[in-house]
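This report looks at how nonpolar residues gather into cores and how one pair of helices packs. The chain is shown below.

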Amino acid sequence: MGRTAARPAPGALYSCLSRLRTWLDRQRPGAAELLATSSGGYVMEAGPESLDLLRHRELVREAEAAGENGDLAERSAALQAALDLWQEPVLPNVRSDSLQREEVPRLTEEYLRTVERRCEAGLALGENDGVVAELRTLTGRYPFRERLWRLLMLALVRSGRRVEALRAYRQVSSQLRDEFGVDPDLELRRLQVAILRDDRAVIAR
């Protein structure tokens with residue numbers, strides 16, 4: 001006769017939940033209240049005030065609303081506040097193949113879109129030198145993210161560093177050809193031509 005696998009005792013579950021509540025309160029006083037009982041067991045209820053990702057998204061929405069109202073400074077500040085909540089890389093200590101495969105790329109993309117919006121806001125405010133420094137780091141970290149290279153080229157040429165902007169184009173072009181055998185996308189190619197022709201209508205846009 002086969003053996004029946006032993007089921008975890010309820011006491012062990014309660015012990016784990018107690019330790020989890022204690023840990024949550026150590027991280028943020030009162031956070032244990034987020035863990036509530038439900039008809040199906042236990043549920044974690046979190047809102048923007050307790051979960052950085054939700055607060056990040058809330059700030060991005062506020063930034064877009066400010067942009068629609070023409071308040072570029074407020075848009076930039078809200079986007080920076082959203083980025084300040086972020087930690088890179090995403091979920092580095094989570095040992096889950098499915099999360100690393102499915103969620104991490106999605107969250108990283110969300111982070112990068114916010115970064116790009118913040119850099120666009122900085123360019124609109126004339127913060128060219130500061131944007132250049134930020135984008136130098138980002139293009140080194142994400143060398144095939146063409147949108148970041150386009151923003152870097154714009155920041156450089158608007159800072160009066162036309163030669164460096166063209167050098168940046170050559171760098172990303174070489175990287176894309178070496179790695180994937182492709183040319184830069186149409187936006188990057190058009191920007192390079194505009195810089196060569198000193199087409200201020202395109203560069204200032």
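## Nonpolar cores

In this predicted model, the largest nonpolar core comprises 36 residues, and those with the most contacts inside it are Y111, L135 and I195. The elements that contribute two or more residues to this core are α4, α5 (128-141), α6, α7 (162-180), α8 (186-197) and α9 (200-203), and the largest share, nine residues, is supplied by α6.

A second core, separate from that one, has seven residues, among them L59, A78, A82 and A121.

## Surroundings of Y111

Y111 is one of the residues with the most contacts inside the largest core. When its neighbours within four places in sequence are set aside, Y111 is in contact with L83, W86, E88, L138, R141 and Y142.

## Packing of α4 against α6

Two packed helices are described by the angle between their axes and by the distance between those axes. For helix α4 (residues 97-124) and helix α6 (residues 146-158), the axes come within 11 Å and cross at roughly 15 degrees; angles under 35 degrees count as roughly parallel, and α4 and α6 are therefore roughly parallel to each other. The crossing in which α4 passes α6 is left-handed.

On the α4 side the contact is made by L112, V115, E116, C119, E120 and L123, while α6 brings R147, L148, L151, L154, A155 and R158. Sorted by character, the residues of this contact divide into eight nonpolar and four charged, with no polar ones.

Notes:
Residues are numbered from 1 along each chain as its sequence is written. This is a predicted model: local features need pLDDT of at least 70, side-chain atom pairs count only at pLDDT 80 or more; totals for chains, interfaces and linings use all residues. Side-chain values use heavy atoms; hydrogens and water are left out. Axes are lines fitted to C-alpha atoms, for helices over the stretch in contact, and angles run from 0 to 180 degrees between N-to-C directions. Helices (H or I, at least four residues) and strands (E, at least two) are DSSP runs, numbered from the N terminus. Angles under 35 degrees count as roughly parallel, over 145 as roughly antiparallel, 65 to 115 as roughly perpendicular and the rest as oblique. A crossing is left-handed if the near helix is turned anticlockwise from the far one by less than a right angle, and right-handed if clockwise. Contact means heavy atoms within 4.5 Å. Ala, Val, Leu, Ile, Met, Phe, Trp, Tyr, Cys and Pro count as nonpolar, Asp, Glu, Lys and Arg as charged, and the others, Gly among them, as polar. A nonpolar core is a set of buried Ala, Val, Leu, Ile, Met, Phe, Trp, Tyr and Cys residues joined through side-chain atoms within 4.5 Å. Buried means under 20% relative accessible area, exposed over 50%, partly exposed in between (1.4 Å probe, protein chains only).
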